[in-house]
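Work through the exercises below with the model open. Try each task before reading its solution.

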Amino acid sequence: MDRAKVYFTKDITAESLVNIYRALGKELEGNVAVKLHSGEKGNQNYLRAEFVKPLINYVGGTVVETNTAYSGMRNTTDKHIQLMKEHGWSEHFKVDILDGDGEDIVLPIAGGVKLKENLIGSHTTNYDSMLVLSHFKGHPMGGYGGALKQLSIGVASSRGKANIHTAGKTSDTATVWKNTAEQVDFLQSMADSAGSVVELFKGNMVFINVMCNMSVDCDCCAVAEDPCIQDIGILASLDPVAIDKACIDLVYASEDKGRDHLIERIESRMGTKTIDFAFAQGYGTTDYELISIDL
């Protein structure tokens, strides 16, 4: 596998989002899905609609989300749609809850280690390409959240999330938390499911990670810790493994004293194993060139 290019800028602005996308030299075509995290009600760290608006308008995208497998304001379609309105997504963009009609599509995972299939919302196949726009941060279960989490838990339907969290034991959202998998099996399941989405879009994908407001907690947490490390920048790549690896490396290279708290969260959950597993299965490479650009 060739060395991946990961573009990087320290400039965290709406204009830089557009410019770093353009630096990749790949235009997403057709009906473009923009997968991002809409933010749980009460969360203070998620990326705001106004910040990403120029980029989403540039690609002509539809903001897509999926329902959760846990309680909150995003576990039913009606509540999720209302929250999308409250957070400004519906005001600025076309919005689509991919599993909003309750119907799933089953994606086979030929090389899956823990999962042999992934469940995604039926609307997903309405799109020709996908921009995976991730807020890089910590995560209480996965250790960190970036492109691979967006591809796995993020794209999976509510039942698909249960399937991942239980390493294929059940897709029943009512019993998911009674059947959660061992941590390593869960991380492998994330890699398995992420790969199935990569295969679905067959290269018609772009990945952008924004390293700002980095808490140890995910945007899915209604009560999240405040950011613990200074903002680092924006990264863009055509490789989901490389971009997440580059973000992890930048955290370790940071001289900010808050890095230790974020690193503890990542390491205590063995978070980088998701990267290792996805690389081992050929869904991307950890061998990358970080290209700093002045935007």
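**Exercise 1. Check the length of helix H8.**
Compare the expected span of helix H8 (residues 240–253) with the distance between its end C-alpha atoms.

*Solution.* This is a predicted model.
- Step 1: helix H8 has 14 residues.
- Step 2: the expected span is 1.5 Å times one less than the number of residues. For H8 that gives 20 Å.
- Step 3: the end C-alpha atoms of H8 are 20 Å apart, so the two values agree.

**Exercise 2. Find the cap of H8.**
Which residue caps the N-terminal end of H8?

*Solution.*
- Step 1: look at the backbone nitrogen of Val241.
- Step 2: a side-chain oxygen of Asp239 lies 2.9 Å from that nitrogen. Asp239 is the cap.

**Exercise 3. Judge how covered H8 is.**
How many of the 14 residues of H8 are buried?

*Solution.*
- Step 1: apply the cut-off; buried means under 20% relative accessible area.
- Step 2: list the residues that pass. Among them are Pro240, Val241, Ile243, Asp244, Cys247 and Leu250.
- Step 3: the count is 10 of 14, and H8 is mostly covered.

**Exercise 4. Place two residues with positive phi.**
Ala167 and Met270 are not glycines, yet each has a positive phi. Where are Ala167 and Met270 found?

*Solution.*
- Step 1: Ala167 has a phi of about 55°. Ala167 sits in the loop between helix H6 (158–165) and helix H7 (183–201).
- Step 2: Met270 has a phi near 55°. Its loop runs between helix H9 (259–268) and helix H10 (273–280).
- Step 3: check exposure. Ala167 has a relative accessible area of 18%, so Ala167 is buried. Met270 has 31%, so Met270 is partly exposed.

Conventions. Residues numbered from 1 in each chain as written. Predicted model: local features only at pLDDT ≥ 70, side-chain atom pairs only at ≥ 80, totals over all residues. Heavy atoms only, no water. Helix = DSSP H or I, 4+ residues; strand = E, 2+ residues; numbered from the N terminus. Buried < 20%, exposed > 50% of the residue type's maximum accessible area, 1.4 Å probe, protein only. Polar contact = N/O pair within 3.5 Å; in protein donor to acceptor, adjacent residues only side chain to side chain.
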